[in-house]
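Trainee: Could you take me through one part of this structure in detail, namely the charged contacts and their surroundings? I would like a connected account rather than a list.

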Amino acid sequence: MLSAKSLFREILGDDESFRLFCSVAAAGEAQGGWENARIAALVPESERALAPKIARHGADEDKHGRIFQALLTKRGLTPVPVPPDTDYTMLLERRGIGLAHSRLRQDEPLTVRDIVVYLAHSRVTEQRAAEQMRLLCTVFADHPEIGRAVRVIARDEDNHLAYTHEELLRLAAAGHGRFIRDTLRACARAETRVHRDVSLAVMARTGRILGWSRARSAVLAAGIHALYAYERLGGLRRMTTLRMPERRDALGGPAAHAPEAA
């Protein structure tokens, strides 16, 4: 039977598929940590109050990368190079989503519009991350090997999503509403395409590792395409709307140090 639970448990049960999953996840989180650290260092003077929150966001992403590395180490595994067609963060950058790495490597302060671009990109990608971690929590929250790691990361992703909502609403009230709406829509459209392509690439590689039949791979690919069609037809609203979160100032404190969470 094809279900999220059975698929994830099959991936978890095989060292090579688990190795690919954790390697891709760790690399993406580490990249996010670097990006947020650079943005925190380049925040314009008018938005300096945001810098500690952006730095906290980056510290969380670094922590998640360490958690995935620790999961590999516990099994005696080492990371594998991330295949280019599964590199979610770099594929988004190539589509012009978020702030370009070439810009972040400069020492010139960002503008307020740059901060809007960063927050809109984060709002869209954190929506995806939060949803994926909630799904993993339903499957693995009590799992003895990865349960704690899943719970820690899921909590952080919910905080990141709440933070982006709150800060974008603040900037919308300051007169940036139209630019925020346009940027959110552009980010969401690009993210759905990249998510589809990365999902297909990861599924194909995982299928080869686990020896899936052509029929099974075709069914899973059809499901990925169906999700993409749903998102294009109306599912993007969950990524582009803004609402004040129940938890305010979600990134207002220091990052929790939990590399041992795995």
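Mentor: What follows starts from the salt bridges and then moves outward to the core, the segment after the last numbered helix discussed here, and the surface.

The model is a predicted one, and every value below should be read with that in mind. A search of the whole structure finds 22 salt bridges, and among them is the pair formed by Glu 167 and Lys 53, whose closest N and O atoms are 3.1 Å apart. This pair links distant parts of the chain, since Glu 167 belongs to helix α7 and Lys 53 to helix α3, with their positions 114 residues apart in sequence. Are these two partners buried or exposed? Glu 167 has a relative accessible area of 5% and is therefore buried, and Lys 53, at 19% relative accessibility, also counts as buried. The value for Lys 53 deserves a careful reading, because buried means under 20% relative accessible area, and 19% falls under that cut-off.

Glu 167 has a further partner, Arg 170, and the side chains of these two meet in a salt bridge with an N to O distance of 2.8 Å. Here the contact is local: both residues lie in helix α7, 3 residues apart, which is about one turn of the helix. Arg 170 is partly exposed, with a relative accessible area of 36%, whereas Glu 167 is buried at 5%. The two pairs belong to a wider arrangement, for Glu 47, Lys 53, Glu 167, Arg 170 and Asp 249 are linked in a network of salt bridges.

Another salt bridge is made by the side chains of Lys 63 and Asp 156, at 2.7 Å from N to O. Lys 63 lies in helix α3 and Asp 156 in helix α7, so this pair ties together parts of the chain that are 93 residues apart in sequence. Lys 63 counts as buried at 1% relative accessibility, and Asp 156 is buried too, with a relative accessible area of 3%.

Helices α3 and α7 also appear in the nonpolar interior. The largest nonpolar core has 32 residues, and those with the most contacts inside it are Ile 39, Ile 54, Leu 99, Ile 115, Tyr 118, Leu 119 and Tyr 163. Which elements give two or more residues to this core? They are α2 (15-42), α3 (51-74), α6 (112-140) and α7 (147-210), and the largest share, 10 residues, comes from α7.

Two alanines add some detail on these helices. Ala 154 lies in helix α7 and is buried, with a relative accessible area of 9%; its C-alpha atom is separated by 27 Å from that of His 101, although the two are 53 residues apart along the chain. Ala 41, in helix α2, is partly exposed with a relative accessible area of 49%. The C-alpha atoms of Ala 41 and Ala 51 are 7.1 Å apart in space, and the two residues are 10 apart in sequence.

Returning to the network, Asp 249 is the member that takes us to the segment after α9. Asp 249 has a positive phi of about 55° although it is not a glycine, and with a relative accessible area of 40% it is partly exposed. Met 244 lies in this segment after α9 as well, and at 40% relative accessibility Met 244 counts as partly exposed. The C-alpha atoms of Met 244 and Leu 168 are separated by 9.6 Å, with the two positions 76 residues apart along the chain.

Arg 247 is a further residue in the segment after α9 (237-240), and at 45% relative accessibility it counts as partly exposed. Together with Arg 148, Arg 151 and Arg 155, Arg 247 forms a positive surface patch.

Read as a whole, the account keeps coming back to helix α7: it holds Glu 167, which is bridged to Lys 53 in helix α3, it holds Asp 156, which is paired with Lys 63, and it gives the core its largest share of residues.

Terms used: Residues are numbered from 1 along each chain as its sequence is written. This is a predicted model: local features need pLDDT of at least 70, side-chain atom pairs count only at pLDDT 80 or more; totals for chains, interfaces and linings use all residues. Side-chain values use heavy atoms; hydrogens and water are left out. Patches are made of residues with over 30% relative accessible area and no salt bridge: like charges are joined within 9 Å, nonpolar side chains (Val, Leu, Ile, Met, Phe, Trp, Tyr) within 5 Å. Accessible areas come from the Shrake-Rupley method with a 1.4 Å probe; for residues, only the protein chains shown count as cover. A salt bridge is a side-chain nitrogen of Lys or Arg within 4 Å of a carboxyl oxygen of Asp or Glu. Lys and Arg count as positive and Asp and Glu as negative; His and the chain ends are not counted. The place of a charge is taken as NZ of Lys, CZ of Arg, CG of Asp or CD of Glu. Helices (H or I, at least four residues) and strands (E, at least two) are DSSP runs, numbered from the N terminus. Buried means under 20% relative accessible area, exposed over 50%, partly exposed in between (1.4 Å probe, protein chains only). A nonpolar core is a set of buried Ala, Val, Leu, Ile, Met, Phe, Trp, Tyr and Cys residues joined through side-chain atoms within 4.5 Å.
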